[in-house]
Amino acid sequence: MNLTDQLSETLAILYGVGESMAGCTLTVDDAISWLNTLSPTRPFCLVTSWHWLDLELSEQDRQKVEAAGMQPVVILADNVVFDSRSRFATGHWVRSTLLVEHRDGCLFETRNTRYVLMGEGRRKKTTPAALGRIQ
């Protein structure tokens, strides 16, 4: 893949239209209160301007991901609203690890973190290589 194609693929993640997805409509305080009632307790991050990214994998790689109890999906969020462990600064971007469970319409769970998808987001397809170019 040449440089122009790589750039186009990366820009499609950040600026491509994608399919509209509804996230959570809770306030920040209500979302934090709700998360504190979930068990087991886990670090959490509230995000806006998010992208649900379905990773295009070979069948063999997809099977490996699924055998490990995950799905080939990550969240790329342009804006961190709140992080319970202060790992990510407010206003900065964050990229999750692979999805373990999506529930309640707006809770994206990885092995280590719960992400609350606040407001509207976009669902897109991309490759691991394109995602890796975003730093």
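Here is a walk through this structure, from its overall build to a few of its side chains.

Keep in mind as you look that this is a predicted model. The protein contains four helices and eight strands. If you trace the chain from start to end, these elements follow the pattern α-β-α-β-α-β-β-β-β-β-β-α. The C-alpha trace spans about 45 × 30 × 25 Å along its principal axes. A compact globule of 135 residues would have a radius of gyration near 14 Å, and the protein has 15 Å, which agrees.

How is the chain folded back on itself? Take the contacts between residues at least 6 apart in sequence: 70% of them join residues at least 24 apart. Of the 135 residues, 39% count as buried. The protein exposes about 7,500 Å², and carbon and sulfur atoms supply 51% of that area.

Now let us zoom in on charged side chains. Side chains of opposite charge can pair when their charged atoms come close. Six salt bridges are counted in this model. One of them joins Arg 42 and Glu 109, whose closest N and O atoms are 2.7 Å apart. Arg 42 lies in the loop between helix H2 (28-35) and S2, while Glu 109 lies in strand S6, so the pair ties together parts that are 67 residues apart in sequence.

Is Glu 109 buried or exposed? Its relative accessibility is 4%, so Glu 109 counts as buried, the cut-off being under 20%. Its partner Arg 42 has a relative accessible area of 22% and is therefore partly exposed. Glu 109 also has plenty of contacts to explore: beyond residues up to four places away in sequence, Glu 109 touches Arg 42, Leu 98, Leu 99, Val 100, Glu 101, Arg 103 and Arg 114. Some of these names return in a network of salt bridges, which links Arg 42, Arg 103, Glu 109 and Arg 114.

A second salt bridge to find is the one between the side chains of Asp 54 and Arg 123, at 2.7 Å from N to O. Asp 54 is in strand S2 and Arg 123 is in strand S8 (residues 120-126), so this pair ties together parts that are 69 residues apart in sequence. Asp 54 counts as buried at 15% relative accessibility, whereas Arg 123 is partly exposed at 31%. Another salt bridge links Glu 120 with Arg 122, with the closest N and O atoms 3.2 Å apart. Here Glu 120 is partly exposed at 46%, and Arg 122 is partly exposed at 28%.

Next, look at Thr 113, in the loop between S6 and strand S7 (114-117). Thr 113 has a relative accessibility of 3% and counts as buried. The side chain of Thr 113 makes a polar contact of 2.9 Å with the side chain of Arg 87. Leaving aside neighbours within four places in sequence, the contacts of Thr 113 include Arg 42, Pro 43 and Phe 108.

Which backbone atom does the side chain of Ser 58 reach? That side chain reaches the backbone nitrogen of Asp 61, at 3.1 Å. Ser 58 sits in the loop between strand S2 (44-55) and helix H3 (59-67), and Ser 58 is partly exposed at 38%.

Finally, turn to the surface. Leu 7, Leu 11 and Tyr 15 make a nonpolar patch of about 350 Å² there. Leu 11 belongs to helix H1 (residues 3-15) and is partly exposed, with a relative accessible area of 37%.

Conventions: Residues numbered from 1 in each chain as written. Predicted model: local features only at pLDDT ≥ 70, side-chain atom pairs only at ≥ 80, totals over all residues. Heavy atoms only, no water. Patch = residues over 30% accessible without salt bridge, like charges linked within 9 Å, V, L, I, M, F, W, Y side chains within 5 Å. Areas by Shrake-Rupley, 256 points an atom, 1.4 Å probe, with all protein chains shown as cover. Salt bridge = Lys/Arg side-chain N within 4 Å of Asp/Glu carboxyl O. Helix = DSSP H or I, 4+ residues; strand = E, 2+ residues; numbered from the N terminus. Buried < 20%, exposed > 50% of the residue type's maximum accessible area, 1.4 Å probe, protein only. Polar contact = N/O pair within 3.5 Å; in protein donor to acceptor, adjacent residues only side chain to side chain. Rg over C-alpha atoms; globule rule 2.2 N^0.38 Å. Contact = heavy atoms within 4.5 Å.
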